[in-house]
Amino acid sequence: MMNTASTKESPLLSSPFSSPNVGALLKIKIISWSQETGLPASVYVRVANRTFNLHKYPLFSKSGYFNKKLDGSSEVELPQHFPGGAETFEMIALFIYGSSTLVDPFNVAALRCAAQFLEMTDEYGSGNLCERFDIYLNQVVLQSWDDTLIVLQKCQALVPWAEELLIVSRCIESLAFMACMEILDPERRRDQPVITLEALASQPWSCVTAMEIVNRDLWIRDLIALPLGFFKRIIGSLRRQGMKEKFVSPIVIFYANKWLLSIKRRQFWEDSSGENGDDDTNNQDLAMLQSVLDLLSMGEKASKVIPVGFYFSLLSKALELGLKSDSIAKLQYQIASLLHMAQAEDFLLPRAGTESISTSIELATMEVIFSTNVLISVESNHAPSPSNYIVAELWDMYLAQIASDPRMVSKSFMNLIEVVPISSRQSHDHLYRALNTFLQVHPDLSQEEKGTVCKYLNCQKLSQEVCIEAVQNELMPLRLIVQALFIQQLSTHQAFKECSDSFRYAHGGEFSGSLSSSRFANSKSQNLGESPYIDGEGSRPLGFFLQKDLALQKSEFRSEFSRKEYESTSFRIQNLEQELKTLKRSLQLQSVAKKAESVSKKAEPLPANPKVPRPYGLEGRTLSKMRNPLGQVTSCVGSVNFASQRKYASRLLKVFRRISLFGRGKSKRKAGASGLWPKPL
């Protein structure tokens, strides 16, 4: 278990750098040495802005550096890059005079580097400072999580000395080893499970939620506080030592969330931008973003450990900072391969103040991602799969958000709809929402233009509620409304048929002969007269009554639903009746004109009755598979040619009148007459 001692118990507050005792002890040692040997302090050592008056012999005997510099000279000036500065040299001088050196995690790295610079090795005395500090590092510091972190933080100002002496490498390997042990500890895992991101995969990405998760594990919070260079090396060490990717990737994600995506981080850089400048901050962000992308796992390994919403957040940041195109393309491909696991709330939307959504870089990026996903699906499997249905629904949801741009032309919106194949759309509800939003911000479109834009919508793939809304939506083209009405008619007829069957089945004993032998093999035994239970209702089994009650409940519910459905569309049907009457009169006039022209061309007289109607249901069948001007194969409502439109309009008008009359009759029926069922249409 890691040593996570509190501040009071750790040696952090006992650092000699915060105490003036070192300087006072050094003066006492110098005076004592002069009194014991009778030799004056004749050597002057200058470090930065301080000068130390010391004796030659102790320096000469324990330091190879002073052994060379004091040959024929009594003054030595240490370079500006001397490790640790004047404070560290003061502690080195105290050791040279024979005093015990006060070592702790705060100063051991600087003391070790300074001892190496002064060449205080075993060659100039047994048990010299280099050996002592190495023992302290290995046996004390590297056994403690907190002490190792402190030393690693202090090494930032000691480069390249700390790197050459492998202090940084030893600290990184030690931290990685202890992190692996923290995860593998069975007692710890039982009390507090290790953090993973599986819970965030099913919800939109949130920086605040991610920070709350980080606070549960102190060791992860310590790692993401390290500088980028050290953090990258620790991640590499964790993977080399065998930590699973589901534990490594969250650390990288939390690091990026803290230093790239969080609001607090942006406020921090905005406050400090006056000192470093916006260009420096932008360059730092670019370098960090590129490093994070290099650390993240890609491909199938990332499908279960990294939320897609996090990739979208990185992509948004990459577009904001202007990351190089190859890195953006790599990120886009990764998102495209996991798009079926995304949330619509994570998608890129144009920033506030963007003049036109259709020309924004966010929309272009989303179009590339979904197009890439379609290509991946085509290469892997030609038939639509459940993941394709999910992606298509997500794309329609995105279109519903960006369709509110009044500057987007119809052609551009149609191209966006075609990004995902129509065959991949299992439901057209969200596509209807997108088209409705587009028509609302484009009220000047003609009926022909509306029909062109709405040609992708299939009323058969609309839900019951959306189909009813489409019938009542005046923005929709007339062709689509008629098609929706026809679908509603078929659905309602089917519902009545099912209710009628259920009703007759439930009352099979009361109406003799209501059930045919083709529906039930033992139809005779189902009649009350030949039932094996002839002693009355009391002798019937319990299952019979349960099935009867259930069928009655379903029948009443469906009847009530159908009545409300008819009432909700009655107003729309009346309007359509007027339009269809006008259409019928126009078609009659055209038909009369056409017949007159035909008569004038033929020499022989026409028969008394030129109208030879085809059998019912066959008058438009030969043209049922002709394509409309939009290039789409439509339903029976949209596939009627001009020659048969007059007869079809007359038929459809009669159907609408019957529906309207039946709906009004249904609404007036008394509730107590539920046992009487109307004849099917």
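# Questions on a predicted model

In this predicted model, Glu 362 is buried but takes part in no salt bridge, and Arg 351, the nearest side chain of opposite charge, is 4.1 Å away.

Student: Why does Glu 362 have no salt bridge with Arg 351?

Tutor: A salt bridge requires a side-chain nitrogen of Lys or Arg within 4 Å of a carboxyl oxygen of Asp or Glu. Arg 351 is the nearest side chain of opposite charge to Glu 362. The pair is therefore not counted, because the cut-off is 4 Å and the distance is 4.1 Å.

Student: In which helix is Glu 362 found, and which residues is Glu 362 in contact with, leaving aside its neighbours within four places in sequence?

Tutor: The helix that holds Glu 362 is H19, residues 361-380. Leaving aside neighbours within four places in sequence, the contacts of Glu 362 are Leu 348, Leu 349, Pro 350, Arg 351 and Tyr 398.

Student: Are the rings of Phe 370 and Trp 395 stacked, tilted or edge-to-face?

Tutor: The structure holds 18 aromatic pairs. In the pair of Phe 370 and Trp 395, the ring centres are 4.6 Å apart and the planes stand at 45 degrees. Planes under 30 degrees apart count as stacked and those over 60 as edge-to-face, so this pair is tilted.

Student: How many residues apart are Phe 370 and Trp 395?

Tutor: Phe 370 is buried, with a relative accessible area of 0%, and Trp 395 is buried with a relative accessible area of 0%. Their pair links distant parts of the chain, Phe 370 being in helix H19 and Trp 395 in helix H20 (residues 386-402). The separation is 25 residues.

Student: Are the rings of Trp 395 and Tyr 398 stacked or edge-to-face?

Tutor: Trp 395 and Tyr 398 are three residues apart in helix H20, so about one helical turn separates them. Both residues, Trp 395 and Tyr 398, are buried. Their ring centres are 5.7 Å apart and their planes at 25 degrees, so the pair is stacked.

Student: Which residues do ring pairs link into a cluster?

Tutor: Aromatic rings also pair elsewhere in this structure. The cluster joined by ring pairs consists of Phe 52, Tyr 65, Phe 66, Phe 82, Phe 89, Phe 117 and Trp 161.

Student: Which strands are the edge strands of the open sheet of three strands?

Tutor: The order of this open sheet is S2-S1-S3, and its pairing is mixed. An edge strand pairs on one side only. The edge strands are S2 (50-54) and S3 (75-77).

Student: How many bridges join strand S1 to S3, and which residue in S3 stands opposite Tyr 44?

Tutor: Strand S1 covers residues 43-47 and runs parallel to S3, the two being joined by three bridges. Opposite Tyr 44, in S3, stands Glu 75.

Student: Which helix packs on the sheet, and what angle does its direction make with that of S2?

Tutor: The helix is H4 (residues 85-96), which touches S1 and S2. The direction of H4 makes an angle with that of S2 of about 10 degrees.

Student: How many residues apart in sequence are the parts that Lys 68 and Glu 119 tie together?

Tutor: Lys 68 and Glu 119 form a salt bridge, with their closest N and O atoms 3.5 Å apart. Lys 68 is exposed, with a relative accessible area of 56%, whereas Glu 119 is partly exposed at 26%. Lys 68 lies in helix H3 (residues 64-69) and Glu 119 in the loop between helix H5 (108-117) and H6, so the separation in sequence is 51 residues.

Student: Which helix holds Arg 233, the salt bridge partner of Glu 163?

Tutor: The closest N and O atoms of Glu 163 and Arg 233 are 2.7 Å apart. Glu 163 is partly exposed at 26% relative accessibility, and Arg 233 is partly exposed at 30%. Glu 163 lies in helix H8 (residues 161-164), and Arg 233, 70 residues apart from Glu 163, lies in helix H13 (residues 228-240).

Student: Are Asp 396 and Arg 425 buried or exposed?

Tutor: The side chains of Asp 396 and Arg 425 meet in a salt bridge of 2.8 Å, N to O. Asp 396 is in helix H20, and Arg 425 is in the loop between helix H21 (410-417) and helix H22 (429-440). Buried means under 20% relative accessible area; with Asp 396 at 1% and Arg 425 at 0%, both count as buried.

Note on methods
Residues are numbered from 1 along each chain as its sequence is written. This is a predicted model: local features need pLDDT of at least 70, side-chain atom pairs count only at pLDDT 80 or more; totals for chains, interfaces and linings use all residues. Side-chain values use heavy atoms; hydrogens and water are left out. Helices (H or I, at least four residues) and strands (E, at least two) are DSSP runs, numbered from the N terminus. Buried means under 20% relative accessible area, exposed over 50%, partly exposed in between (1.4 Å probe, protein chains only). Lys and Arg count as positive and Asp and Glu as negative; His and the chain ends are not counted. Contact means heavy atoms within 4.5 Å. Two strands pair if DSSP finds at least two bridges between them. Axes are lines fitted to C-alpha atoms, for helices over the stretch in contact, and angles run from 0 to 180 degrees between N-to-C directions. Rings of Phe, Tyr and Trp (its six-membered ring) pair if their centres lie within 6.5 Å; planes under 30 degrees apart count as stacked, over 60 as edge-to-face and the rest as tilted.
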